[in-house]
Every structure is written in C-alpha cells, then in structure tokens.
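User: Could you take a close look at the salt bridges in this one? I'd like to know who pairs with whom and where the partners sit.

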Amino acid sequence: DSIVTGKVTNLADYGAFVELEEGVEGLIHITEMSWSRRLVHPSKILKKGDVIEARVLDVDTEKQKISLGLKQLQPNPWELLETKYPVGSRINGRVRNITDFGAFVEIEKGIDGLVHVSDMSWTKRFVNPREIIKEGDEVEVVVLSIDTENQRVSLGLKQIEAEPWLKVPEKYKVGSTASGEVVNLTDFGVFVKLEEGIEGLIHISELDERHVEKPNEIVSEGDLLNLKVISIDVIEKRIGLSLRAYRQEHERASIKRYLEEQDKDETTLGALIREARQEYQNKK
C-alpha cells in the first residue's frame, strides 16, 4: 500500500512495466490504470520514459512480481456516484454506444450508464434502440439504480415523461365514449388503438347483440369505431371496450330524440287547432 516512484520502461497490450530500482520492476496492469471500465491501450495513458508515482498493490517474493496501481492515487469516482447522482435525479449525457439491448450514455468521463431497451419508450412494445436515439446524441435521462460494487448504472429515457397510462382513468372514464382504430383481430376479440401506446380490447361478446363466431364478421383492420368504455385496469394496462353497448346507447338516444320531436310536433299541431277554433268562435 506504499507509494513508490519509478520510470516506465516498457508498454504492452496488458499494461506497463515500471522500474523501481535497478533490477526491480513492477507491473501496472491495464485494469489498474484507470477507474473507467473502458480499457484503452496503455500507450494512451503512459509513455516510455515517464517518471511516475504508483501504489504497491501486491508483492510476490517467490515469483518475484510486484503489482502496481496507478488509479489508486486518484479518488474512485464510483464511490461518489450515489452522492452526485442520487436515484431519481436527471442528468444529461452523450450517447456513446448503441447495442440491440440498449444504449450506453456517458455520465462523466470514464463512466457510462446503460439505458436498457425496456426503459426507452412507454408506448412502443418492440423497440429498436437505433430508432429512438443515435450515437453522439445529447440526451436527458433519469438515474434508476447505481451498483457501485459492480460499477453499473441503470438509466431511463422514458422516465423523463410521465407514464401515459396514469392519465387513462381521467381521459377514458368508464361509461364514456371513445374513438379508435382497429389494429388487430384475434379469436377472442379486437384490439383498438385509442392513441399512441394506448390500446383497448373489444371482447368478441361485446361486438354485437347476436352471437359472433369471428370478429371479422363485424369489423376489419383499419376501421374507425366509436365505442363505449366498460372497464379500466391501470395496473394491468387494460381497457375494456364495447361496440354493442355504444350502438345500443346510440339507438336509445335516437329513439328518444324521435319521440321528443313527435311530442313537439303534436303539441304544435294541437296549439294550431285550438287557435283556429278560437278564431272561429270570435268570428261567430
């Protein structure tokens, strides 16, 4: 654990050799050069002939090996992360690398966090990270978790905005009318897109008053429908819709309007007859 001074005598892919005194050399392994998990060639950090300080990590007299550390002379930035970036905080970073399972965002030099593909969008079921962000983009993300021991940071992109399903009970109240597009037909019912990322299900029993064998007897993909909201489960992210209930309500409303108009017409006719009779009486 002592600090020693020596001269860099040789650089290899796996580290740097440092002469501590004549005939005695120590090795700084590449993993002991920087706290960053990004391993770069030792020549990017040290040059042959450099006189440096290092910390003694291990001495094996039997094998005549001395292990040295360069990064140990600097504070471990990972130990400061939880204080600097507490869970739930928002930070800005540059997208450094994109993979099929997510994107790595540089939090600060040498420290990346991962935005997993599942934390990129609230609304898209199957996300291609490259369709959401690009390498080099500056993005705002939310810190989801920090694992100091394993040097891992989980970040969220979708968490910057509120979960759209939280607004569903207010926007689509049970008993209200909703409009949407038929996007998928199944044996048990029809999925309807109400807005981006929000779909509801018309169970086959809610398509018509009569018994329906197959949904395509009633609707087709792409149809625009007015529907009745009959149930909402925010936790399971489900909305129950009914075409049958909407049509029944629409028919009842039409009949009611018709009857009201009939009553109005009869009232008007009766008034005209009474007025005519009164004029006839006056003339007499």
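Analyst: Sure. Keep in mind that this is a predicted model. It holds 16 salt bridges, and here's a walk through some of them.

Let's start with Glu-195, which pairs with Lys-171, their closest N and O atoms being 2.8 Å apart. Glu-195 belongs to strand β12 (residues 189-195) and Lys-171 to helix α3 (residues 168-171), so this bridge ties together parts that are 24 residues apart in sequence. As for exposure, Glu-195 is partly exposed, at 24% relative accessible area; the cut-off for buried is under 20%, so Glu-195 doesn't count as buried.

Next, Lys-173 and Glu-170. Their side chains meet in a salt bridge at 3.7 Å, N to O, where the cut-off for a bridge is 4 Å. Glu-170 is exposed, with a relative accessible area of 58%, while Lys-173 is partly exposed at 44%.

Then there's Lys-193, which bridges to Glu-196 with the closest N and O atoms 3.3 Å apart. Here Lys-193 is partly exposed, with a relative accessible area of 31%, and Glu-196 is partly exposed too, at 49%.

Beyond those pairs, you'll find a network of salt bridges linking Asp-208, Arg-210, Glu-217 and Arg-247.

For some nonpolar context, a core of 22 residues is the largest in the model, and Ile-133 and Leu-155 touch the most other members. Strand β9 (138-147) is among the elements giving two or more residues to this core, and its four residues make up the largest share. A second, separate core has 20 residues, including Leu-194 and Ile-198.

Terms used: Residues numbered from 1 in each chain as written. Predicted model: local features only at pLDDT ≥ 70, side-chain atom pairs only at ≥ 80, totals over all residues. Heavy atoms only, no water. Core = buried A, V, L, I, M, F, W, Y, C linked by side-chain atoms within 4.5 Å. Buried < 20%, exposed > 50% of the residue type's maximum accessible area, 1.4 Å probe, protein only.
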